[in-house]
Amino acid sequence: MDIQWFPGHMLKTQRLIQENLGKVDVFFEVVDSRAPLATSNPLLEKLIQGKPRVVLLNKIDLCDSHILALWRQWWDARPETLSVPISCKERKNLPALRHAAENACRHKKWFGLRRVRAMIVGVPNVGKSTLINSLSGGHKASTAPKPGHTKGLQRINTEAFDLVDTPGILWHKFEDPEVGIRLALLGSIKDEILSSLDLAAQLYRFLARDYPKAAERHFGAVVEGADPWVYLEAWGRQHGMLKHGGEVDEERLAQTLLAQFRTGKLGRFSLERPPVSNMISSLGSSTPDSFKDVTVSVAPQG
Ligand SMILES: Nc1nc2c(ncn2[C@@H]2O[C@H](COP(=O)(O)OP(=O)(O)OP(=O)(O)O)[C@@H](O)[C@H]2O)c(=O)[nH]1
Ligand SMILES: [Mg+2]
């Protein structure tokens, strides 16, 4: 499944970010906590030219909390990048953002004399505009559960910040096809350019591999290597997604399944685990479904 999507407005957004660099003190890069690396734009580092960056792991209400604990350890081992787990929807941990921004700017001459100027960047649909609304306590930035919703820069001020919302940007080519699939599963790539049937099959494969108990709960007993559509069809039938004549409506099934996955109705899952180096497991005995095949080096807790 080869996925590439880079519409013209993304190039324009890159230009706008560069043109406005001088007016930005800190970048808030919003990523999806269910796949923090796949939703982190590799172009950003170059684009922001050494300005401070805080990575915001958003939608923690939807991710696997055990895997999130691993990500937090992974970032703790990289103190040069500040990271803050948040949920814009549940307004979780938002004050930590202010502390992180202050830490990043404390040494500046202007610090304490004016508000921090923060530009919010990230791939499409990760929650940039929702973050602006959560921080400002309003609905000034328009949001939607689909990628490419925000079209231009929008400035909104709060007590602590002068904020700039930006349209989501991707990069030209995903070298690793898995990255494209993760972005698509999380809704960061327009559904119109994808086969939702293929994507639903990918989702099934991922759940059967990483969350077999959850897959069994939703789709029935999972047999390794079996055709995903055997299970997906059964799921569609069970949920009454039939066409006239009693055939399963595969398109409707695929779209419903993807929507349920994206909004957490199927459960809380993470699509990505941290690379294994420097990892320390401190999760004790409650090994989750998803955690079985993660190789971590275990060190004694001090
Ligand atoms: N469950 C959950 N949903 C969230 C959270 N933050 C944002 N969303 C939802 O994610 C979807 C996308 O949010 P937006 O704020 O429009 O995303 P964006 O990054 O501005 O998207 P573009 O402007 O298209 O790049 C919306 O349906 C939001 O309600 C969160 O913390 N938890
Ligand atoms: Mg937006």
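A residue counts as buried here when its relative accessible area is under 20%. Asp25, at 9%, is therefore buried. Keep that cut-off in mind as we walk through this structure, which is a predicted model.

Asp25 makes a good starting point, since it forms a salt bridge with Arg114, and the closest N and O atoms of the two are 2.8 Å apart. The two residues come from distant parts of the chain, 89 residues apart: Asp25 sits in the loop between helix H1 (8-19) and strand S1 (26-32), while Arg114 sits in the loop between helix H4 (95-105) and strand S4 (116-121). Unlike buried Asp25, Arg114 has a relative accessible area of 29%, so it falls in the partly exposed class. Arg114 has another contact worth a look: it lies over the face of Trp110, at 3.9 Å from the ring centre.

Staying with charged residues, the model holds 12 salt bridges in total. One of them joins Glu45 and Arg53, with 3.3 Å between the closest N and O atoms. Glu45 is exposed, because its relative accessible area is 53%. Now turn to Asp191 and Arg262, whose salt bridge brings an N and an O atom to 3.0 Å from each other. Asp191 belongs to the loop between helix H6 (177-185) and helix H7 (196-210), and Arg262 to helix H10 (residues 250-262), so this pair ties together parts that are 71 residues apart in sequence. Asp191 is partly exposed, with a relative accessible area of 37%, whereas Arg262, at 16%, counts as buried. Going back to Glu45 and Arg53, these two are also joined with Glu29 in one network, built from salt bridges that share partners.

Next, the aromatic rings. The structure contains 12 aromatic pairs. Among them is the pair of Trp74 and Trp75, which is edge-to-face, with 5.0 Å from centre to centre and 90° between the planes. Both Trp74 and Trp75 are buried. Trp74 also has a charged companion: the charged end of Arg78 sits over its ring, 3.9 Å from the centre.

Further along the chain, which aromatic pair does Phe219 form with Trp235: how are the planes arranged? The pair of Phe219 and Trp235 is tilted, with an angle of 50° between the planes and a centre-to-centre distance of 6.5 Å. Phe219 lies in helix H8 (residues 212-219) and Trp235 in helix H9 (residues 228-238), so the contact ties together parts that are 16 residues apart in sequence. Phe219 counts as buried because its relative accessibility is 7%, and Trp235 is likewise buried, at 1%. If you look around these two rings, you will find that they belong to one aromatic cluster together with Tyr204 and Tyr231.

Let us move on to ligand 1. It is surrounded by 23 residues, and the closest are Asp61, Lys128, Thr130, His149 and Thr150. Lys128 offers a polar side-chain atom that lies 2.7 Å from an oxygen atom of the ligand. The backbone takes part too: a polar backbone atom of Gly127 is 3.0 Å from an oxygen atom of ligand 1, and a backbone N or O atom of Lys89 is 3.1 Å from an oxygen atom of ligand 1. On its own, ligand 1 has 660 Å² of accessible area, and the protein covers 91% of it.

Our last stop is the backbone of one loop. Most residues other than glycine have a negative phi. Against that background, what is phi of Arg91? The value is near 50°, which is positive, in a residue that is not glycine. Arg91 is found in the loop between strand S3 (82-85) and H4. This residue is partly exposed, as its relative accessible area is 49%. Asn93 also lies in the loop between S3 and H4, and it too has a positive phi, of about 65°, although it is not a glycine. With a relative accessible area of 35%, Asn93 is partly exposed.

Note on methods
Residues numbered from 1 in each chain as written. Chains lettered and ligands numbered in written order. Predicted model: local features only at pLDDT ≥ 70, side-chain atom pairs only at ≥ 80, totals over all residues. Heavy atoms only, no water. Phe/Tyr/Trp six-rings, centres within 6.5 Å; stacked < 30°, edge-to-face > 60°. Buried < 20%, exposed > 50% of the residue type's maximum accessible area, 1.4 Å probe, protein only. Helix = DSSP H or I, 4+ residues; strand = E, 2+ residues; numbered from the N terminus. Lys NZ or Arg CZ within 6 Å of the ring centre and 35° of its normal. Near = heavy atom within 4 Å. Polar contact = N/O pair within 3.5 Å; in protein donor to acceptor, adjacent residues only side chain to side chain. Areas by Shrake-Rupley, 256 points an atom, 1.4 Å probe, with all protein chains shown as cover. Salt bridge = Lys/Arg side-chain N within 4 Å of Asp/Glu carboxyl O.
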